[in-house]
Amino acid sequence: MMKKYLLLILTCCSNMFAWAQHDVTLTSLRRTYQSTYMNPAFMPQYGTSVGIPVLSNIFINNTRVGFTLQDIIDSKSNDTTLDINTFASKISGDGIGFQTAINTDLFHVSFPIGSYQVSIHSGIRSQNNQMFGKDFIGFFANGNEFFRGRTAVLEPLRIYSLNYVENGISVAKQFRKLSVGVRGKYFQGISVTKTENLSLSFFTPENRFDPVKVTTNGKLQTSGIPLLLDSVTGQPRNNDEKEFNAENLYAFNNNGFGLDAGFTYKVLRNLMVHASLIDFGSITWRNNTYNYTLSGNEVSTSGITYDQVNDNSVGRYGDSLLNLLVDSKITRESFKTALQSRYLAGADWDFTKRDRLGFLFQGRSFGSLLTTSYTASYTRRMSTNWDLTANYTINNYIKNTVGFGSAVKWGPVQLYIVSDDLLVLFQPNLRNIVYLRLGLNLVFTNNLKVVTNY
Amino acid sequence: MKTLHYCLKALLLFTIFTFSACLKDTIDELSAIKGVKVTSNYSLPIIDINVGMEEIYESITQNAGVKKNPDNSIIFTFNTSDTIGGSEFVAIPPVPFDFNFQMSPAVIAAFEFQNGFNLTLKDSAKLPSASGELLESIAIKSGSFTIAINNTFKHRTKIVIKFPGLTRNGVPLQDSIQMNYESSRGSAPIIVNRSFNLAGYIFDLSRNGTTNNTIDFEYVIGMERIIGNTTTTGDALALSQNITINEYSNVRGYLGRFPILKAAEAQKFEIFEKGISGKVFIDNPKLVVRVSNSFGIPITGRINNIRVTTNQDVDIPITIAPFQDTFTFNYPTVIGQTAVSEWVIDKSNSNLNDAINASPSFIKYDLDFTSNINNIVRENFILDNSRFIANIDVEVPVDVKIVDYEILQSNKKSVSNTEVDVVDQMKLYIRAKNGLPFDVFTQIVFLKDSILLNNTDTILVVADSLFASPWPILAAQINSQGNVISSTESVFTTIVTKKRFENIQASKQFNVVSRMRSSAINGEPAFVRIYTDQKLSLKLATDARLIYQSK
């Protein structure tokens, strides 16, 4: 029974967060304060919004790429055994990846000052991306025989795990048809683990008796994580470095700054275009940092040598290859981590006072990887205080999604709930995204002068 | 609006039911997975060995060595060495000697009349001589002189002890002991115990070259009467002394006759030990006896009962002309020098050639070395760092002819089942480039236990063999002089199936059987010459199919 519950969680969670998943639905719920996270120039309908601590913004996003649960099911060699080789052959794209994002707001408050809308917020942001390269999985599942006479260049693992506190203050102003908004952010880094061009090359010679060569490259950087190896550039580590120390997580020596900026422009009375750049910034990590560098270390072997046989060091044959992976240069310099910036551009057409069609283009960078999505949305004002929205998104990295969102207000309490992929409810075995954002805001002052879209 | 609400509720219900059904199906499918299976094909080089006879030889023997001639040809050597240190001989026993002083009535009268006296007494002691040693001097490295005095005279007494022949930096050992009687002692004697460290002293036992084994000493006794105290003939001044020499730096003189070395030696020929059939012909092997001697003492040797023993325990006597009777070793006449004596035994002065060509597993002999065997007195010396080193090398020269000589090496192995599961098949590729002038027909046989019918005893039976028949690693090509002119390549491929792999894993012993034959001239194995640059390159690679299935 427990196994079923675990599988249920796995099923839900594995669909729950998206590889570089975009927020495609939240943008349409303009009457929530949280929509301004997508574009600080969005002017809220409610002049004053106060976030209930933690409950105002609960965001869980889990995305899996490269495979579906159906791929696992289809990879069973009989009723009970998962055939890894079959599974590896079903991996699409660059590999299999998992992204988990968990956000919450400690508080937010948004209020007008004169003709300006000012917002202040503070929240905890957690993004954890891991990706295992397709060739890497294929190599170890199928062996090196396939690569005879060639060098298999494998990206074994890509990690981007970032945890920080985000504090922001934004200002937005409406100039007749144009509204502009900016949000300055101050980040307090908690911990980070990230890889940079981590790669492993394995040369399999055409002639079986010739040496195989293994080369490693790349970098792993951490902050707030204990030292993973035995020494730092020749200096033995001490116990303090070895043990996990929670104080490293809230030392707040890791500071950074960021910027969100956007605008909206009413081209026609019922046609508005908008664009924004968000999460443009970086964090400089200074606390408890480690930089592990694998710079072209190469091990070549054509087998156990006479000397190894003679001095009973046959085990070194394997050790020499494994040591390559841990034979890294380690330094303690500070380093900088850029956030995953996002670019949004869209247009809204209010074809009735209650109905809006929208288009949204979104791009998100993750290192050299740029994911893009195109979203068509329909939003209806069901009643004075109830909005519903649905959308269809084409994503270049994951399957296309159907999103849904709703925001309802009873008295001063506004409840909203958003999911970027509803199809997971109908096809949990085929869908890769579980995206859920919900929250409770206290809102006051219906600012209809600003919200003229309905 | 109402209709829309109904529609939405219906949609919600539909969603919930559909989600539940889909989710249940997915969970059922996933929960049915009980394990994983992965099939991998790896191609890896496993062994890359490049060896010459030098390495092969040293790997199968423990006390063997290799000498290289100027032309890089190889001589194999088997070496034994016996070393005797100088401190092991001429043990010097402790030298105790006592002295007792008492007064007669007349002496007492004179003493009381003069109220005191000074008396000088000289004497000597003899060093014990167990083996007829006539020692002249000993440089003491560690030792001691102890003296215990028991004085019952009730007067003030002073005694000066002096050893004229026991000097350090030219100064004789001398000590003065003052004993003052006090009335509070009553009749209790005065007791004094002293000990002197003799390290660094030189003991002249020859009284300047005129005698030997003699320890001279001298007492000066001064006694001052305490008027009123009685003096009787029973009063005594008793001295109990002992000289102990634990270690010496050198000892000189005639050291006597004693055995230097008496031992039965057996030198194993490991290269022949594992031979089970065939012949190895060696052209003129040598036995080199080399003795380095820094004992300043004539030593006479005798080597008895020299013979080789074959694997079948057959002894073949070796007759060596220089060792038919006793022989003497050179010895130094000046301290610090080392004299070397060497005998070369070969086919010119012995039948060693025939004995070694029987491929023996041992050479055995009895050693009996004695000093001053004729008891002629002359000056000898031994230093504590003197060494008598007897090296005996058997040298097998480069010219050998091997005719189907078969070696069996048995190796225990642990029975393992741990890796069996993952190996489905291994295709082994073996390539040998032989630059050595020998064919080597190799087979590896794996043995496992088999229970006999009585259900208690087990015997070893063949579980598998690596090759269907012994794999020939063909010899290098040679010229008419027996020198290698080109190496020969041999390749072999075999498939080790899962079943075979299980057999190998389950075996508890593997035997490596190698049959060797010299490169041929005119179809017959020839005498060949081995050089350091002749190598055997052996490479093993595998294409392995591994199947892992979790349980």
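A residue is taken as buried if 20 or more other C-beta atoms lie within 10 Å of its own, as exposed if 12 or fewer do, and as partly exposed in between. In this predicted model, Ile373(B) has 16 C-beta neighbours inside 10 Å and therefore counts as partly exposed. Ile373(B) is placed in the loop of chain B that runs between β20 (362–371) and β21 (380–383). Apart from neighbours within four places in sequence, the contacts of Ile373(B) are Arg257(B) and Thr300(B). Arg257(B) is 116 residues away from Ile373(B) in sequence, yet the C-alpha atoms of the two are 5.8 Å apart in space.

Helix α3 of chain B, residues 105–114, shows little cover. Of the 10 residues in α3(B), the number that count as buried is 0. The residue that follows α3(B) is Asn115(B), and its phi is positive, near 60°.

Strand β15 of chain B, which spans residues 286–293, pairs with two other strands of chain B. With strand β22 (residues 387–396), β15(B) is antiparallel and shares 8 bridges. Within this pairing, Lys286(B) has Glu395(B) of β22(B) as its bridge partner. The pairing of β15(B) with strand β19 (residues 339–345) is likewise antiparallel and comprises 7 bridges. Here Val288(B) is bridged to Val344(B) of β19(B).

The contact between the two chains involves 40 residues of chain A and 39 residues of chain B. On the chain B side, two or more residues each come from α1 (2–31), β1 (35–52), α2 (53–60), β24 (423–434) and β34 (535–549). The largest contribution to this side is that of β1(B), which supplies 17 residues. By residue class, the side of chain B that touches chain A consists of 19 nonpolar, 12 polar and 8 charged residues.

Strand pairing also links the two chains. β1(B) runs parallel to strand β15 of chain A (residues 304–305), and 2 bridges join them. In this pairing, Thr305(A) has Asp48(B) of β1(B) as its bridge partner. β1(B) thus appears both as the element that gives the most residues to the chain B side of the contact and as a strand paired with β15 of chain A.

Notes
Residues are numbered from 1 along each chain as its sequence is written. Chains are lettered from A and ligands numbered from 1 in the order in which they are written. This is a predicted model: local features need pLDDT of at least 70, side-chain atom pairs count only at pLDDT 80 or more; totals for chains, interfaces and linings use all residues. Two strands pair if DSSP finds at least two bridges between them. Helices (H or I, at least four residues) and strands (E, at least two) are DSSP runs, numbered from the N terminus. Two residues are in contact if their C-beta atoms, placed from the backbone, lie within 7 Å. Ala, Val, Leu, Ile, Met, Phe, Trp, Tyr, Cys and Pro count as nonpolar, Asp, Glu, Lys and Arg as charged, and the others, Gly among them, as polar.
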